[in-house]
Amino acid sequence: MRKSLALILAGTLILSGCGGWRESRINPGNWFGKSRSAPVAVATESEPTNPLLAEEGRKSIFARAEKEDLSVPVAKISALRVEPTPTGAIIYASGIASRQGAHEVELRQVPTAAENTLEYTMHVLYPVSATPAGSEHSRTIQAAVTLSEQDLRGIRTIRVSGAENARETRRR
């Protein structure tokens, strides 16, 4: 009886000392905090292009011309969260479109992001015909992207931008 009581007391003391795991930096659930709103960076054109000169896009007579990209950034980013997985993380982003009918939602990585920052822009495609604006709930769209541990190596900030705002989350 004394040995079992002593073991129970020792186990209780050991487990009570493990309460700091939740706030620990090695806990994968704490890698990224809550997202917060950030201002949108203004795009500047790097160098002027001549529209009269042909681009070197086609290499073969059998190659198909690329489809024109008609997608635009979503109006507003409403939520951003990063969920850890055993092999990396999943970035979930929610946005509010400017009108109903937005489809083909995609998170596109921005290649010119700052060092230690992973930046995405949420793009949507709207119908050609006019659609009503509707309620905010009916215009809410979501997209996600999966990242491996290698993709996250050295990343301190994840940022998702829309037309009006951006949300970002930082690693603790």
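Okay, let's start with burial: out of 172 residues in the protein chain, 28% count as buried, where buried means under 20% relative accessible area, exposed means over 50%, and partly exposed is in between, with a 1.4 Å probe and protein chains only. Before I go on, this is a predicted model, so local features need pLDDT of at least 70, side-chain atom pairs count only at pLDDT 80 or more, and totals for chains, interfaces and linings use all residues. Residues are numbered from 1 along each chain as its sequence is written, and side-chain values use heavy atoms, with hydrogens and water left out.

So, the overall layout. The protein chain has 2 helices and 9 strands; these are DSSP runs numbered from the N terminus, with H or I of at least four residues for helices and E of at least two for strands. Going along the sequence, you read α-β-β-β-β-β-β-β-α-β-β. The surface that the chain exposes is about 12800 Å², and 55% of that is supplied by carbon and sulfur atoms; the areas are Shrake-Rupley with a 1.4 Å probe, and for residues only the protein chains shown count as cover. On contacts, meaning heavy atoms within 4.5 Å, take those in the chain with a separation of 6 or more: 67% of them are between residues 24 or more positions apart.

Now the inside. In soluble globular proteins, nonpolar side chains tend to be buried together. Here, the largest nonpolar core has 23 residues, and Ile91, Met122, Ile158 and Val160 are those with the most contacts inside it. For the record, such a core is a set of buried Ala, Val, Leu, Ile, Met, Phe, Trp, Tyr and Cys residues joined through side-chain atoms within 4.5 Å. Which elements give two or more residues to this core? Those are strands E3 (76-85), E4 (88-96), E6 (117-125), E7 (140-148) and E8 (157-161). The largest share comes from E6, with 4 residues.

Let's zoom in on Val160. Beyond four places in sequence, valine 160 touches Ile77, Leu80, Ala93, Leu107, Tyr120, Met122, Ala166 and Arg167.

Next, two of those core strands as a pair. E3 and E4 run antiparallel and are joined by 9 bridges; the pairing rule is at least two DSSP bridges between the strands. They make a hairpin, with 2 residues between them. If you want one pair to click on, valine 82 has isoleucine 91 in E4 as its bridge partner.

While we're at that hairpin, have a look at Glu149, which is in helix H2 (residues 149-152). Leaving out neighbours within four places in sequence, glutamate 149 is in contact with Pro86, Thr87 and Gly88. Glutamate 149 and threonine 87 are 62 residues apart in sequence, yet their C-alpha atoms are 6.0 Å apart. Glutamate 149 is partly exposed because its relative accessibility is 44%.

Alanine 97 is another spot to look at, in the loop between E4 and strand E5 (103-109). Is alanine 97 buried or exposed? Buried, because its relative accessible area is 1%. Not counting residues up to four places away, alanine 97 touches Val74, Ala75, Ala102, Tyr126 and Arg139.

Back to E6 for a second, where we find histidine 123. Histidine 123 sits at 13% relative accessibility, so it counts as buried. Setting aside neighbours within four places, the contacts of histidine 123 are Ser71, Val72, Pro73, Glu104, Val105, Glu106 and Arg108.

Last topic, charges. The count is 6 salt bridges, with the rule being a side-chain nitrogen of Lys or Arg within 4 Å of a carboxyl oxygen of Asp or Glu. Two of the residues touching His123, Glu106 and Arg108, form a salt bridge with their closest N and O atoms 3.0 Å apart. Glutamate 106 is partly exposed at 38%, and arginine 108 is partly exposed at 24%.

How about the pair formed by glutamate 168 and arginine 159? Their closest N and O atoms are 3.0 Å apart. Glutamate 168 is buried at 10% relative accessibility, and arginine 159 is buried with 11% relative accessible area. Salt bridges with shared partners join Glu119, Arg159, Glu168 and Arg170 into one network.
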